[in-house]
Amino acid sequence: MSSIQNMHASAGAAPEGRSLPGSLVLLLATGAGLSVASLYYAQPMLGVLGADIGASPRSVGLIPTLTQLGYALGILLLAPLGDRFDRRRIVLAKAAALCAALLVAGAAPSIGVLLAASLAIGLAATMAQDIVPAAATLAPEASRGKTVGTVMTGLLLGILLSRVVSGFVAEHFGWRAMFIAAAASIALIGAAAWRGLPRFRPTTHLAYAALLGSLGTLWSRHGMLRRAALAQALLAVGFSAFWSTLAVMLHGAPFHLGSAAAGAFGLAGAAGALAAPLAGRLADRRGPELVTRLGAGLAVLSFAAMGLAPLMAPQAQLWLLALAAVGFDLGMQAALIAHQTIVYGIEPGARSRLNAVLFTSMFIGMAAGSALGALALAQWGWAGVTGLATATAAAALAVRLWPRKAR
């Protein structure tokens with residue numbers, strides 16, 4: 001591993017003609033996947049977690065809300081530091097913080113401690129947003145797309161499989177065991193990153209305040225950025241409202257299913273990951289604008305279809321929920337890839353900060369969706385959740401269909 005570090009220590013990228021070692025690409029992909037998975041472990045466990053810790057459904061609903069809010073704040077306040085400092089040191093520091101936060105969550109004696117730990121998990125899990133730019137920096141230009149694609153595949157698999165794994169572990173070993181196992185996985189990744197991740201040269205010497213100030217400048221300067229961020233945030237509201245309330249809904253009548261069943265629904269999202277390269281290819285050939293509209297439209301249809309569930313038998317309702325999850329997850333991923341394509345083409349010299357603006361907006365939408373979804377479920381039942389998701393996805397489609405200005 002030291003030879004890899006020496007190769008990159010001064011240049012910060014692989015020499016032209018030399019691809020990155022497979023072990024380093026695997027490390028980056030695994031690190032991105034495991035760190036972002038920490039955001040989603042709690043969602044399938046909310047039903048059993050709330051009963052065990054003695055918390056109300058409304059209080060339990062704040063767990064994913066604070067996790068997503070912490071991630072949004074971390075992207076906004078911490079991600080720009082990757083241009084200013086050695087990314088290797090940032091990744092190691094966040095790995096240590098994430099491991100500690102997960103351990104606190106696993107040992108939490110009350111809902112208050114668990115909520116505080118959830119916020120900290122979200123902040124530290126932004127190490128994924130340092131790993132992906134690191135992959136782009138290290139890879140030679142000839143294989144940069146392939147390398148970043150592989151790392152993004154790891155990130156998507158982390159999102160998709162996290163719910164399946166946590167549902168299974170919580171069902172058989174308890175929800176606390178899941179948080180402890182997650183902390184152990186991050187500790188292993190941190191140790192591997194300490195040995196195998198090269199150092200990075202800073203690309204700017206701007207002060208921290210100036211880095212953050214440039215985000216506002218980019219936002220006010222580029223209408224395409226504002227439009228992409230708003231549409232993706234609206235899609236994220238419905239996406240998060242569904243996933244953050246699904247376990248609680250399935251735990252009650254008429255299903256009475258455990259956390260493993262809720263986690264299994266995460267497998268439906270595999271369609272989104274498999275379709276991601278196809279969405280990118282379509283964006284290259286037909287333009288990303290079309291893909292954003294197709295993705296938002298598919299999300300609207302999928303969420304609206306869930307409104308038919310009360311007319312069906314319980315078994316048929318489960319099939320409908322699974323098919324709808326395939327549809328809106330595919331739409332969400334397709335729209336995200338297309339929005340990234342749009343945003344990265346605005347100002348190539350500021351891609352990290354443009355990415356921070358886009359993802360901050362998206363995870364603010366995620367946090368809002370968790371909070372609004374819990375409120376809708378408490379006040380109006382599952383019909384309230386599906387109505388919220390359908391309305392916000394329709395608003396995202398309206399944003400993409402609205403006539404575009406020059407900037």
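## Chatting through the helices, core and cavities

Reader: Hi! What does G54 do just after α3?
Author: G54 takes a positive phi of about 75° there. Helices here are DSSP runs of H or I with at least four residues, strands are E runs of at least two, and they are numbered from the N terminus.

Reader: Before we go on, what kind of model is this?
Author: This is a predicted model: local features need pLDDT of at least 70, side-chain atom pairs count only at pLDDT 80 or more, and totals for chains, interfaces and linings use all residues. Residues are numbered from 1 along each chain as its sequence is written, and side-chain values use heavy atoms, with hydrogens and water left out.

Reader: Thanks. How many helices and strands are in the chain?
Author: The chain has 18 helices and zero strands. Of its 407 residues, 56% count as buried; buried means under 20% relative accessible area, exposed means over 50%, and partly exposed is in between, using a 1.4 Å probe and protein chains only.

Reader: Back to α3, then. Which residues in that helix are buried?
Author: In α3, residues 46–53, the buried ones are L46, G47, L49, G50 and I53. Their cover includes α4 (57–60), α5 (62–77), α7 (111–124), α10 and α12.

Reader: And α8, is that largely enclosed or open?
Author: Helix α8 (residues 128–138) is largely enclosed by the rest of the structure, because nine of its 11 residues are buried. Among them are Q129, D130, I131 and P133.

Reader: What about A136 in α8, buried or partly exposed?
Author: A136, which lies in α8, counts as partly exposed at 25% relative accessibility. A136 and V151 are 15 residues apart in sequence and 9.5 Å apart in space, C-alpha to C-alpha.

Reader: Changing topic: how many residues does the largest nonpolar core have?
Author: The largest nonpolar core has 111 residues, and those with the most contacts inside it are L114, F179, F242, L246, L321, F363 and W382. Such a core is a set of buried Ala, Val, Leu, Ile, Met, Phe, Trp, Tyr and Cys residues joined through side-chain atoms within 4.5 Å.

Reader: Which helix gives the most to this core?
Author: Helix α12 (residues 223–251) does, with 14 residues. Domain 1 (20–205) and domain 2 (206–406) both give residues to the core, so it lies between them. Those domain bounds come from an automatic or database domain assignment.

Reader: Why would those side chains group together?
Author: In soluble globular proteins, nonpolar side chains tend to be buried together.

Reader: Which residues does L321 touch?
Author: Not counting residues up to four places away in sequence, L321 touches F242, L246, M249, L250, F265, M306 and W382. Contact here means heavy atoms within 4.5 Å.

Reader: Where is the place of M306?
Author: M306 sits in the loop between α15 (288–305) and α16 (314–344). At 2% relative accessibility, M306 counts as buried. Leaving aside neighbours within four places in sequence, M306 is in contact with F242, L320, L321, A324, W382 and T386.

Reader: What about cavities, how many does a search of the whole structure find?
Author: The search finds four cavities of 30 Å³ or more, and the largest has a volume of about 80 Å³. On a 1 Å grid over the protein atoms alone, a cavity is a set of points where a 1.4 Å probe fits but cannot get out, a pocket is an open set with protein on both sides within 12 Å along at least five of seven lines, and lining residues have an atom within 4 Å of a point. Grid points are joined across faces, edges and corners, and a volume is the space filled by probe spheres set on the points.

Reader: Which residues line the largest cavity?
Author: The lining is A79, G82, D83, R87, Q129, D130, P133, S352, N355 and A356. α8 and α17 (351–380) each supply at least two residues of that lining. By type, the lining divides into three nonpolar, four polar and three charged residues. Ala, Val, Leu, Ile, Met, Phe, Trp, Tyr, Cys and Pro count as nonpolar, Asp, Glu, Lys and Arg as charged, and the others, Gly among them, as polar.

Reader: And what volume has the second largest pocket?
Author: The second largest pocket has a volume of about 240 Å³. Its lining has 17 residues, of which G33, L34, A37, Y41 and G158 lie nearest its centre. The largest share of that lining, seven residues, comes from α9.
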